[in-house]
Amino acid sequence: MTICFPFRSIRFREGQATVPEEEILKLILGNYNDKARPGTVTTPTVIVDHTLSLLRIVEFGPKTLTAEVWQALHWKDPRLTWTPRSYHGLQSLSIPADSVWLPDVVLYNNGGSEQGQISKVRATVYYHGMVYLVIPSRIVSYCESSTPNDQGDVTCQWKFGSWTNNGLKVNLTNSRPPDVSNYEVNSAVDVLKVDSTRNEIFYECCPEPYPDITYKLTLKRKG
C-alpha cells in the first residue's frame, strides 16, 4: 500500500524533516539584537503605526476611566527579511513578541494600566520585514469625569507616545480611526464618540519633535 503525503513544503534530509519556519528563524534571529532600534543609516527613523480597538468600558469612576482595548502596532524591521521562494513560499510567521525589538509606546496619562504580558503575545512577521503586533490591554487613565459639559457629556483622553525616543528615532503615525465594531455595550455609560489625532510637540530644550497619538472618548452616564 502506498501512502501519499500532501505536505510538499517539508522535505527529508539525512533522516530529518526540514521545517521552513525553523530555517527562517535561524536566518533572521541568529545574530539578531533585540536591544537595537531598527533604524538604518539610510532610513534612521522607525515609523510605528499605532491604532486602537475599544472592547468595553469596565469602570467610569469620578477621576479615572477603566477600559479594555486592543493596541495594534506595526513597523518595519529590515533585519527580519527573507526570500519566500527559498523557503517553500512561506511569506509570514508567528513568533514570540519579546524575541524582536519592540517600540516603547506607553500611555502617558496612565492611572494603573495593565498591558498584556509581552512574553505571552505573539507578533506576525512578514518576509519584507513588516512586524504586526496586537496587545490586549486594560487601560486605567486619569479623567476628570466629574465635570460634564452642558449636555452631560464627558471627554476623556488616552495619550500614547514613545517613552525614550524622540520623533527622529521613532515616529508615530495613526493610519485609521479607533475601531468600535467589537465594543460591548455598557449598562452604565454610553460611548458617544471615539476619535484620534496625531500631535507633535516641541520643547524649548530640544529641537526634535515628540509625537503622540491621542484618542478622545466622549461619554455620557446613563440614568
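**Strands and disulfides in a predicted model**

Strand β10, residues 153-162, and strand β13, residues 209-221, run antiparallel and are joined by eight bridges. The model in which this pairing appears is a predicted one. Within the pair, one position can be picked out for orientation: glutamine 157 faces lysine 216 of β13.

The two strands belong to a wider arrangement. An open sheet is built from four strands in the order β6-β10-β13-β12, with antiparallel pairing. At its edges lie β6 (105-107) and β12 (189-202), each of which pairs on one side only. From one strand to the next, the twist averages 25°.

This sheet may now be placed in the whole chain. The protein contains 13 strands and one helix. Followed along the sequence, these elements give the pattern β-β-α-β-β-β-β-β-β-β-β-β-β-β, in which two strands precede the helix. Contacts tell how the chain is folded upon itself: among those in the protein with a separation of 6 or more, 74% are accounted for by residues 24 or more positions apart.

The surface can be described in a similar way. The protein has 223 residues, of which 38% count as buried. It exposes about 13,200 Å², and carbon and sulfur atoms supply 51% of that area.

The cysteines deserve separate attention. A disulfide is a covalent bond between the sulfur atoms of two cysteines. The structure holds two such links, and with the bonded cysteines counted along the chain, their pattern is 1-2, 3-4.

One disulfide is formed by cysteine 143 and cysteine 156, whose sulfur atoms are 1.8 Å apart. This pair links distant parts of the chain, 13 residues apart: cysteine 143 lies in the loop between β9 (128-142) and β10, while cysteine 156 lies in strand β10. The link of cysteine 143 and cysteine 156 is left-handed, with -70° about the S-S bond. Both cysteine 143 and cysteine 156 are buried. Strand β10 thus appears twice in this account, as a partner of β13 and as the strand that holds cysteine 156.

The other disulfide joins cysteine 205 and cysteine 206, with their sulfur atoms 2.5 Å apart. The link of cysteine 205 and cysteine 206 is also left-handed, and the angle about its S-S bond is -85°. Is cysteine 205 buried or exposed? Cysteine 205 has a relative accessible area of 63%, and because a residue counts as exposed when this value is over 50%, cysteine 205 is exposed.

Technical notes. Residues numbered from 1 in each chain as written. Predicted model: local features only at pLDDT ≥ 70, side-chain atom pairs only at ≥ 80, totals over all residues. Heavy atoms only, no water. Buried < 20%, exposed > 50% of the residue type's maximum accessible area, 1.4 Å probe, protein only. Contact = heavy atoms within 4.5 Å. Areas by Shrake-Rupley, 256 points an atom, 1.4 Å probe, with all protein chains shown as cover. Pairing = 2+ DSSP bridges. Axes fitted to C-alpha atoms, helices over the stretch in contact; angles between N-to-C directions. Disulfide = S-S within 2.5 Å.
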